[in-house]
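Reader: I should like to learn how to read strand pairing, domain division and chain contacts in a structural model. May we work through one case together?

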Amino acid sequence: MKYVIIGNSAAGLSACERIKTNDPSCEITIVSEETYSNYSRPLISYYLKDKVSKENMFYRDEAFYLKNNIELILANKAVDVDSVAKKVVLADGTVLSYDKLLIATGSIPFVPPVEGMKDQPNIFTFLSMKDSEQIKAYAKKDMKVVIVGGGLIGLKAAEGLNKICSDITVLELSDRLLATILDKKGSDIIGNQIASAGVKYLLGDTASKIQGKDKVESLVLKSGKIIPCDLLVMAVGVRPNVELAQKAGVTLNRGIITNEYLETSIKDIFAAGDCTVSLDVIDGNHKILALWPNAVFQGKIAGENMAGKPSLYNGNFPMNAIDFFGLQVMTCGVVNSDDDYEIKKVETEQFYKKFSIKDDTLAGYILIGVPERAGIYNSLVRDKTKLSTLQGDLLDPIGIMHFTQEERTKKIYGV
Amino acid sequence: MKRVYAVEKLCLNCKLCEVYCKTAHSKSKNVIKAYKYETPVPESRIFVEGDNTASLAFSCRHCEHPACVEACITGAMVKDPETGIVTNVKERCIGCMTCLLVCPYGAIRPGHIAYKCDLCQGETTPACVANCPNHALVYIEGGSEK
Amino acid sequence: MLEYLMPEYKVIRDKDRCIECGACARQCSNEVHKIEEDGSLSADEVKCVNCQRCVCLCPTRAISIQKYENNFRENANWTDQSMKEIFKQAATGGILLSAMGNPQPYPIYWDKMLLNASQVTNPSIDPLREPMETRTILGRKPDSVEFDENGRITTEIPPGVTIDVPIMFSAMSFGSISLNAQKSLAMAAKELNTFYNTGEGGMHQDLFPYADHSIVQVASGRFGVHKEYLERGQIIEIKIGQGAKPGIGGHLPGEKVNSEVSKTRMIPEGSDAISPAPHHDIYSIEDLRQLIYSLKEATGYKKPVAVKIAAVHNSAAIASGIVRAGADIVVMDGYRGGSGATPTRIRDNVGIPIELALAAVDQRLRDEGIRNQISLVIAGSIRNSADIVKAIALGADAVYVASAALIAMGCHMCRTCNTGKCNWGIATQRDDLVKRLNPEIMSKRVVNLIHAWDHEIQEMLGGMGINSIDSLRGNRLMLRGIGLSEKELEILGIKHAGE
């Protein structure tokens, strides 16, 4: 059985592992357009601030490919798929035939067109190792850095660059930072944290015009202000990388649509990771869940299905564990629908906790500064546990004693 | 594989398991030195919850299909194929706490890196089991509710 | 406020060793240790009873308990103790209550008797090589036996029980001690093939699996006494008195009567369990005979019936009466016997040493020619195997131990059992304290103790050139007194060392 996997990251690699376990004698080829061997994408900000060395960026080491007999093709983009003949065409002309194909092409940065944007050399995105290296090479101490986008990527870029440059401004169009995963209160806390680290930010504003011919020199903001800029990072967001999927002809809806076995509309073509549309089990909607754990999970399931072992993908839900300038943030699910949900929250100088509850189940939470045992809250969301069956207050530090004695015993013995 | 199971009705809430876990994971392996003279103070990987009426010592279950291994963004968290022990390679862990986010038992403790039970590396009877004064922790294969 | 009573003990915490783990604070049921806001530990010594729980549990051995040295002016008559007792009674107006056995420095006769050893004639026996019989049979023995022409015994033998060691566990009721403690004793009795005694609190259902190794007690309060109860026990013991409180009844405070205790004793929850001083249906020796035979009738004459008395002045005459009343076993409890709660004055002043009572009773029964009609079991502070050997030599068939078994389970003789806050999970009904006693661990410790004593008994017997308990029983020639007066030697029926 020949397997071809497009994409050498979370989904692709975990798929490989499951395929190898279920079909040890098969042939697997992984195709990646990057020149680097695999790396853990979230580590690029750590690389930028020198917390992780280049050698330690890998997710799976060199031996992984050798041990599992995987053919790795690097620096070669997959440009076309013939789903009838079951062939993949690469940029340099190589043709690979497959029995099962996995599209795990991930995300690409979304760069909105800004007046004056012309391939200036000091405009960067921040999604790949290449981006991180380029920024690291270009950034100098006294440069004025502007980051467009106050979401996860933008703030991580700010954190990474804060080590090198002392003048950083983040521009966020909405009324708060990390708008997709925090509420106003949580965002304010993060705002204070990054401000105390010396990073400036503006809310409700963005760049409308880039000024400077050979390179970006200043920006005209939507509010009318003009600010100088020596290094511009466009971190507005990402979108699914569906270029290849389009060529293959699979059904799309922004991302690749799959059935519950992660097979696309075309037989023997599977998809996993950021490029797919997932089911959010909390609100029942289909959306892009661009999260590392979700990609690994989907890759596993896709791999099993490809190897002939039917496995259901029942959906996932948004969750994040990130720390900004020393403040640990854990979020999950619904965090900003105070009108539709019962809200329980507590705020002290040290931490902020907020829970969204509906129908006696936990639909989402925010934990800032108090990450301990967040996984238990996660399990309450995932299992849709009835909160009235728990003992003790949800706002108290959660623990195994919150569950009834029966449940506790099950948890200990039922691994 | 052998795992540590807690027998709730025998637990005294004395928390000596935590003391000996910290000592076992210290540099000096001596209780007094570990607590008073080492920096950073070693962390316990087993947690006693509850009070004198009902208490329980809880540690990592070393799951068959560990959610933490799946979630780890650097690949530092691994399940040893031979011993079955789930542990994180210290040099590769960057303390992002994604493992903590997904562990349904809350068995991972935050810190400089992620801290969790490593079954004392499978070498001997785990320190918590050996030192429980009331035999409330047992180290057995495939425990069942009893 | 004038404080008349100072703490008795100081809690010494070595700050260099204390790692502030807080285990002592969580374990002390008397709330002596406290974790302060900054994490350090402090101790409120007034409440310390010196149970040694914190000392034993501390992972760095940072704690020790020492006497609080505050000396009143020396007075051989008005000792510190006498004065403190008056302070207490002046404050409370109540009788002084204590627990466990008489701690006063009266003479201990076990320590004034010495054993023989064989030298040239009648050589010693090596217990590792020769069979050594430490089994004994308790029950009434007939005056003579007759055989038929096939050698089969034709005399009807009254019911008896066999124990593998001459040691049994004395009565401690469920209510005075915890169920886990009773379970440990029951499990040990089963392992050792001997007996434990339910005491006057009835038999809890968790102990039914050990019924084959139980002695059921019928005390003056008749708690828990019903048909199945009598049928479960292998011996039925009528308790007339106990060494710690001769002449008075028992008292279990209502706080210790939780739902389990109430069910087992067949009394309402929370009510005080008061055993009256006499059995209200025994006012003469004839009444005792009536009760003995009622119990035998109720159980089909299949079980030996024992009668337990405290060792008092006329023990010999009383014992003789009991034998003639039809008992199969006579149990005597000396003044050192323990208790869960007893008035201090009675504990310390009433009753006589068991060594003397034993010798007197054994001699009297032999003189009357009725010694074989019963087995004699004694109790009242057997502290080691030498005490047991001496007791058997004085005439006992077997001994009862209780305090020694509790000490094996962790008791440190703090003597505050009556408060119900036993930190070792023994003399308490509080769930959080009872779970500290893991019967798996504790029964093993008791078994270890008795096994060790059994080996020591065998060694001592072998040294004397004797290879069975039967040959030692009543063999006063194996004993010599030391430092005893003529009268004491006469009562004990032994010669002085050197004679």
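Author: We may begin with a pair of strands. In this predicted model, β6(C) and strand β20 (residues 479-481) of chain C are antiparallel partners, joined over three bridges.

Reader: Which residue is the bridge partner of C:Leu115 in β20(C)?

Author: The partner is C:Leu479.

Reader: What is the strand order of the sheet to which β6 and β20 of chain C belong?

Author: A sheet is read by listing its strands in order and then noting the sense of pairing. Here the sheet is open, has three strands in the order β6-β20-β21 (chain C), and shows mixed pairing. Its edge strands are β6 (113-115) and β21 (495-496) of chain C, each of which pairs on one side only.

Reader: How should side chains along a strand be pictured?

Author: In a regular strand the side chains alternate between the two faces of the sheet.

Reader: In which sense do β1 and β2 of chain A run, and how many bridges join them?

Author: Strand β1 (residues 2-6) and strand β2 (residues 27-31) of chain A run parallel and are joined by five bridges. One bridge links A:Lys2 to its partner in β2(A), A:Glu27. Between the strands, the connection also deserves attention: β1(A), helix α1 (residues 10-22) of chain A and β2(A) form a β-α-β unit that is right-handed. β2(A) pairs as well with strand β3 (residues 70-73) of chain A, in the parallel sense and over four bridges. There, A:Ile28 has A:Ile70 of β3(A) opposite.

Reader: Into which domains is chain A divided?

Author: A domain may consist of more than one stretch of sequence, as the first one shows: domain 1 of chain A covers 2-106 + 241-306, domain 2 covers 110-237 and domain 3 covers 326-413. The C-alpha centres of domain 2 and domain 3 of chain A are 33 Å apart. Their contact draws eight residues from domain 2 and eight residues from domain 3. On the domain 2 side, these residues comprise four nonpolar, two polar and two charged.

Reader: How far apart are the C-alpha centres of domain 1 and domain 2 in chain C?

Author: Chain C has domain 1 (9-71) and domain 2 (136-496), and the C-alpha centres of these domains lie 37 Å apart. Nine residues of domain 1 and seven residues of domain 2 take part in the contact. The domain 1 side has three nonpolar, five polar and one charged residue.

Reader: Turning to whole chains, which pair shares the most contacts?

Author: Of the two pairs of chains in contact, chains A and B share the most. That contact involves 35 residues of chain A and 31 residues of chain B. On the chain A side, the elements giving two or more residues are α8 (292-306), β23 (319-324), β24 (327-333), α9 (374-383) and α10 (405-413). By class, this side of chain A has 21 nonpolar, eight polar and six charged residues.

Reader: Which elements of chain C each supply at least two residues of the side that touches chain B?

Author: The contact takes 17 residues from chain C and 17 residues from chain B. On the chain C side, α1 (23-27), α13 (431-434) and α14 (439-464) each supply at least two residues. The largest share, three residues, comes from α1(C). This side of chain C divides into six nonpolar, four polar and seven charged residues.

Reader: How far apart are the nearest C-alpha atoms of chain A and chain C?

Author: They are 16 Å apart, and chain A and chain C do not touch.

Methods. Residues numbered from 1 in each chain as written. Chains lettered and ligands numbered in written order. Predicted model: local features only at pLDDT ≥ 70, side-chain atom pairs only at ≥ 80, totals over all residues. Pairing = 2+ DSSP bridges. Domains from an automatic or database assignment. Nonpolar A, V, L, I, M, F, W, Y, C, P; charged D, E, K, R; others polar. Right-handed = clockwise from strand over helix to strand, strands pointing away.
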